[in-house]
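Grab a pencil and work through the exercises below with the viewer open. Try each task yourself before you read the solution.

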Amino acid sequence: MLQGAQYCFFGLTTPMISHCINTTRAERNVLLDDGNEIFSIVKKISNKEIFHIGRMQKFYNMLLARKVNFSYIKEMSIFSFFDLTGYQLDNVILHNDYHVFKEKVSALPRSKEVFFIGSNLIDTYMDKEFFEENMKKVLEYYRGLKVTYVLHRYEDKRYLESLGNQLGFEVIRFPIILEMAMTKYGKIPEKVATFRSTALETI
């Protein structure tokens, strides 16, 4: 395990990630927001809930020899696009205004297509039947435009490609975060839509 690093960047504070942070012992820890998940994390920090380790979690940590201690959270910085001033936080907040991204995409040509941003919702917050019914409504609403479904990293590519063949939309999965991917894509879509994604706030 790497030790003595100057910075340690992470998007979650799970026991496994916390073990890695504590083992790395970087000079500075920085939480990068990962969409909606940031609100869950800062809420737990604000009400001190995040520092509690349950009995079962303590048992697993001991069994797996994990160094799970959340004290690093008190000193870490938070790099976020969102306004977190409503939370009781003592952490340094570094605001991400996406100015570099905005400068780059403003120079790109527009394409006659819709980027539909995927979310990890299927079989968690909605069943496939409900999802498919609503995708039909999306396609009807954007009739005349090419609809490109941008996969969330946890979505089932095979299922959505099959559905896309049936309903008439293309599926794409970028290997990097959406904002960076759009600069590599070489053009920006005319419309952006989603059922639930914080990407609407940033692009």
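**Exercise 1. Find which helices and strands supply at least two residues each to the lining of the largest pocket, then describe that pocket.**

Step 1. Start with the elements: β3 (77–80), α4, α7 and α8 (199–202) each give at least two residues to the lining. Keep in mind that you're looking at a predicted model.

Step 2. Now for the space itself: the largest pocket holds about 1,400 Å³. It is lined by 41 residues, and those closest to its centre are D34, G35, R153, I177 and T198.

Step 3. Sort the lining by class, and you get 19 nonpolar, 13 polar and nine charged residues.

**Exercise 2. Search the whole structure for cavities of 30 Å³ or more, and work out what lines the largest cavity.**

Step 1. The search turns up one cavity of that size. The volume of the largest cavity is about 40 Å³.

Step 2. Click through its lining: F116, I117, G118, S119, L121, I122, F131, Y149, E155, T194 and F195.

Step 3. Split these residues by class: seven are nonpolar, three polar and one charged. Since Asp, Glu, Lys and Arg count as charged, the charged one in the lining is E155.

**Exercise 3. Work out which residues touch the most other members of the largest nonpolar core, and which elements build that core.**

Step 1. A bit of background first: in soluble globular proteins, nonpolar side chains tend to be buried together.

Step 2. The largest nonpolar core here has 33 residues, and M76 and I78 touch the most other members. The elements giving two or more residues to this core are β1 (7–10), α2 (37–46), α4 (99–106), β5 (110–117) and α7 (178–185). With four residues, α2 gives the largest share.

Step 3. Zoom in on I78. Leaving out residues up to four places away in sequence, I78 touches L31, I38, V42, L84, L89, N91, V92, I93 and L94.

Step 4. Don't stop there! Another core, of 19 residues, lies apart from the largest one, and its members include L121, L151, L160 and V171.

**Exercise 4. Say which residues of helix α1 are buried, what they pack against, and what follows the helix.**

Step 1. Helix α1 covers residues 15–24, and its buried residues are S18, H19, I21, N22, T23 and T24. Buried here means under 20% relative accessible area.

Step 2. Look at their partners: the buried residues of α1 pack against β1 and β2 (28–32).

Step 3. Finish just past the helix: R25 follows α1, and its phi is positive, near 55°.

Conventions: Residues are numbered from 1 along each chain as its sequence is written. This is a predicted model: local features need pLDDT of at least 70, side-chain atom pairs count only at pLDDT 80 or more; totals for chains, interfaces and linings use all residues. Side-chain values use heavy atoms; hydrogens and water are left out. A nonpolar core is a set of buried Ala, Val, Leu, Ile, Met, Phe, Trp, Tyr and Cys residues joined through side-chain atoms within 4.5 Å. Buried means under 20% relative accessible area, exposed over 50%, partly exposed in between (1.4 Å probe, protein chains only). Contact means heavy atoms within 4.5 Å. On a 1 Å grid over the protein atoms alone, a cavity is a set of points where a 1.4 Å probe fits but cannot get out, and a pocket is an open set with protein on both sides within 12 Å along at least five of seven lines; lining residues have an atom within 4 Å of a point. Grid points are joined across faces, edges and corners, and a volume is the space filled by probe spheres set on the points.
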